[in-house]
Structures are given as structure tokens and as C-alpha cells.
Amino acid sequence: MTQTQDPKRKIAHGPTIHAIKRAKYEAKQQRRRLQQQTETSSCALSTPYQQTMAKWFHGKEEWAVFVTAEDVHAIRRRRREAGEQRLDDLQSPVVDRRQRDTSGDHHNVDISSSQKVARVEIESEMSRLERIAAWIDPFFDLKEMPNANALRSVGENSDQSCNDRLFIAEGTEAVRLMIEKCIKTSKDATEIKDATDHRYAKEEHRNAPPVRILSILCKPATFFERPVCLADELVKRNCLRPPSLEGNDPSVSPCPFKIIVGSDEALSEIVGFPFARGAMASGIVPRIQRPLQWLKSLSNRDDGTEESETNDDDETTAELSAAQHHVPKPTSKPVRILALDAVSNASNLGSILRTAAAFGVDAVLLSEDSCDAWYRQAVRVSMGYVVTVTTIRAGELRKEMACEGLGMEEEGTKCSDGGLPRVLKWLREEMRIQCFAAVVDADDDGDGTDYLPPLVSLEAISESTGNHSSSSWVCVLGNEGHGIRDEVVKEASCRIRIGMANGVDSLSLPVAAGILIHGLSLSNKIT
């Protein structure tokens, strides 16, 4: 039997795959051409599908809108004209501007009724465009924004603080997770006062502070059609009324965020590149006001399990005794923390955050020179799970420690070690948490001038601790190229490494993080 005759081999036939892809592309282009022919405005929708959408948007103008490519083009023209007008105003005298503003007053006399109606319609359309422009602003021209600049500060005209930052989440599953988290935390907002509340240490609040979505941007199929159907997701979470209950009353309970639905052409025109992910969301980057108190609250969680006895005769236990003798066994539910030292790759950070969420890590500590967990790329690679894991900067902890007189530097003091050594020392001495520094080379003794913690393999820890692997721990991972700094390693309880076959010198950072987290919490029940 030849390769083309074998049904199992047909999928690997290059010309066949090319023909299938070409047919899908031509069908998509045909749909776009038909849509462009029928699309005139959001108020004049001709096809039955568009008429159904228009009916859904009726009465929801204050928090939902359908955007066309013509709307985006008009907004771009207005922005361009506004920029040119501001430039002219800066270059022209004040007297000339006053003369220009009053020169058309004589045209306002003797306006007919038809002209008044036309003016009202124009003003209504202008108001609608202004509303749309404000809603789509976080998504506008994302292609022109570097990753670091994607974290936009909230403007002065917003109802948010100027210290708040915006994030962008991409992908239908990421947006769905954001919606779930936003609605859940908004319902619990009346019960949870702030991040210092002891109830934050409960299961449902221990992993992340509240998140707030400002708006979602999606295609009609993503919002109205299965299998995604974000509209059904909102109805299921009691955020919208089901269509059968809306009746003729257009006054529907407002959604906690803005909903922007548009054609492929309109959405691509907004973001500045082909819109292929189905949905995006913009929101406020969540913050913990007092991260030090939040970490302390984790150690107060109640754990109903009882500790089992250890085998003191175990050789591996003796191997670890030098590193763990000063760390008392915890009496509360174990704390799991992942610390990252100078991790600068946003994709790696996104994968690590997703891995941390999968294994129930309570918090991720970032050194001052690590990249931001809310970069677009990091949020996209994490599949939105960044909202389920608390991320804390070492500098924020150092500032709070300085305010409480814990021997840290004064606020504003810069440090060359990323801030992690002082934080690890506090976690190890004050919170009685074991600190493991992940290293690659078993023969690496740093610069040779200072003492380094003992080196233990991950296998030895998993075998020796048995059920005691549920004790609290902090696992430190270093930079993709240079590993952990010596200053950070010195504050660890012990160094830890993953055993690998001969000829393999290292693993990627996300893979190593998954192996280490799983190994350290092997006997834990992940909830």
C-alpha cells in the first residue's frame, strides 16, 4: 500500500494539506467580502444574523456596543484632526483662536426643523463615537506598543486612581478566566475589606487579589456562538439576563465591564494587526496594599491534617539535617512560594505562572530586575492564569519591612541584588520557611570566598521527607542564562538540583520550575 492510499498517511500528504488550507483561506476571504458588502452601520444591519445582534444590543448602549470598520475609521480621522487642531492652537495667537471660534455665530440663525433633526442625529452619532473611542482606547494600536509600554497608566479622566495600570489579556480561554475571576471577586468585595483581612488566607482568596475588567473586545462568533459563547458565560454567572427573560423591557442589569463586539476588519483596525485570537480583555492590574501582612496571613491558615512521624535513621534525612535544623516544623497549612531572580523573558515567566497555578503555589516573588508578570506576552502565555496567582515584587516587601523597622534599608534605597536576599532571610527566620535555591552545576561553589548552603538533589528531598514534604517552602529559580546570584543562594537553607542523564546540561526554566514544584510538594494534596 502506498503512502497516499493509506488513510493514516493522508494527513501527512503535503499537497493535500496545502489544498485544505487554501480552501479555508478562500472561504474566509469570501465571508469577509460578503460582510463588507452588507455592513453599512451598526444601526442598519441587513442579514438575519446581524438583525439578531442589533436586537441584543438594543437597550444596552451604556455598556455594550457593536463596532464597524467605518466607526473605527471615523474615530481615527477625529483623532488625527484633533491632533492637528491642537498643533494649530499651540502655534496661533489666542486672539486668532477667539476670532475663529466666534466667526460662525451668524450661521446659527434661522435653522429649519429638518436641520435641527439632522443636527441632533449628528450630535448623537458624535456622542456614540466618543463613547466607543473611550472604550477601545486600551486596545488602540497595540502593535505599535513595545511589551514594556503595554502597561498603560490610567488617565486622569478615569474613575480609577492614576497609580493603577492597565493590562491586556488575549485569547478566548484567557478572557473567560478573567470574566470568571472578575465576577467572583466583585461579588465578594463586600465581604473582604482589604488584603490584610484574615479571610484572605482562606482557600478562595489565598492565591490572588481581586481583579477588575474594564472592557472586552471580541468577534460576534466568539460572543454569540458556541462553543465559546461569552454571552452564555455571562448569563451563567448571573451577570446578564437570559434572552427569554428580557422580554420587551430593554432595561437590563448592566454588566460590570464594557462589551465591544465588532467585525474582523473593525477589530483588526483597532488593534493594528490581524485580529485572530477571538477575544481580548483590558483591566486594572490587581495590587496588594500590604504584601508583608498578606504573606503573614498565609501562615495562619488552618490545616486539619496531622503530621506523621519521620524515620530518624534514614541516611537522606541525616544529609538534610545540616540545612534544616534551624527550621521548625510548621503547625499551620503549608505555604508554597516561588521566587524568581532576574528572570527577564516574558514568555518563560508566563509559562512559570501557569505552572505555579497548576500546582497550587500561593505566591510568586519577583526580584526588582525581573520582567513584569502583566506584560502582554506573559499574560498571553500564562493563558490568563496570572490572575489566579499572587505576584509580589521584592522591592514592595522591602519597603514595608523598612516601615515596620525590620532592619531593611529605607524606602527608595536601591540594591544590586534585586532585593531577594533580604526577603528570603525574613521568610526563613521569621516565617520559618525552608528556602531552596535551584542550581544546575553540582560542582558550582560560587566565587569560593563565602560559605554556600549544602547541595541536595531533588530526589533525596522527595525520598527523605515522605509525608513531611508538605512543610512550607520557598523555591528560588534564577536567570535563564546566569542562574541565581550568589547573594541570593547564600540566604537559602540548601541548594537543590534536578538529576539529569549524562550529556544533558540543563532544562528550560518553565520545565525546571514544574519539576521542582512537583517534587517539593509531591506528598501534598493539591487543591
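Select Gly272 to begin: this glycine comes directly after helix α10, and its phi is positive, near 95°. The model on the screen is a predicted one. Now extend the selection backwards to α10 itself, which covers residues 264-271. Is this helix mostly covered or mostly open? Six of its eight residues are buried, and the helix is therefore described as mostly covered, given that buried means under 20% relative accessible area. The buried residues are Asp264, Ala266, Leu267, Ser268, Ile270 and Val271.

**The loop between α7 and α8**

Next, select the loop that joins α7 (220-224) to α8 (230-236), where Pro227 is found. Display the backbone here and look at the peptide bond that runs from Arg226 to Pro227: this bond is cis, with omega near 15°. Most peptide bonds are trans, and most residues other than glycine have a negative phi.

Cys229 belongs to the loop between α7 and α8 as well. What is the sign of phi in Cys229? Phi is positive there, near 50°, although the residue is not a glycine. Cys229 is counted as buried because its relative accessibility is 5%, and the cut-off for that class is under 20%.

**The loop between β6 and α13**

Move on to Ala342, which sits in the loop between strand β6 (336-340) and helix α13 (346-358). Ala342 also has a positive phi without being a glycine, with a value near 60°. Is Ala342 buried or exposed? With a relative accessibility of 13%, Ala342 counts as buried.

**A nonpolar patch on the surface**

Now select Val504, Leu507, Val511 and Ile515 together and show their side chains. These residues form a nonpolar patch on the surface, and their combined accessible area is about 290 Å². Within the patch, centre the view on Leu507, which is placed in the loop between β12 (494-497) and α19 (509-520). Leu507 has a relative accessible area of 36% and is therefore partly exposed, a class that lies between the limits of 20% and 50%.

**The whole chain**

Finally, zoom out to the entire protein chain, which contains 19 helices and 12 strands. How many of the 527 residues count as buried, as a percentage? The share is 45%. The accessible surface of the chain comes to about 28,100 Å², and carbon and sulfur atoms contribute 49% of that area. Among contacts with a separation of 6 or more, 80% are between residues 24 or more positions apart.

How values were computed
Residues numbered from 1 in each chain as written. Predicted model: local features only at pLDDT ≥ 70, side-chain atom pairs only at ≥ 80, totals over all residues. Heavy atoms only, no water. Patch = residues over 30% accessible without salt bridge, like charges linked within 9 Å, V, L, I, M, F, W, Y side chains within 5 Å. Areas by Shrake-Rupley, 256 points an atom, 1.4 Å probe, with all protein chains shown as cover. Salt bridge = Lys/Arg side-chain N within 4 Å of Asp/Glu carboxyl O. Helix = DSSP H or I, 4+ residues; strand = E, 2+ residues; numbered from the N terminus. Buried < 20%, exposed > 50% of the residue type's maximum accessible area, 1.4 Å probe, protein only. Contact = heavy atoms within 4.5 Å.
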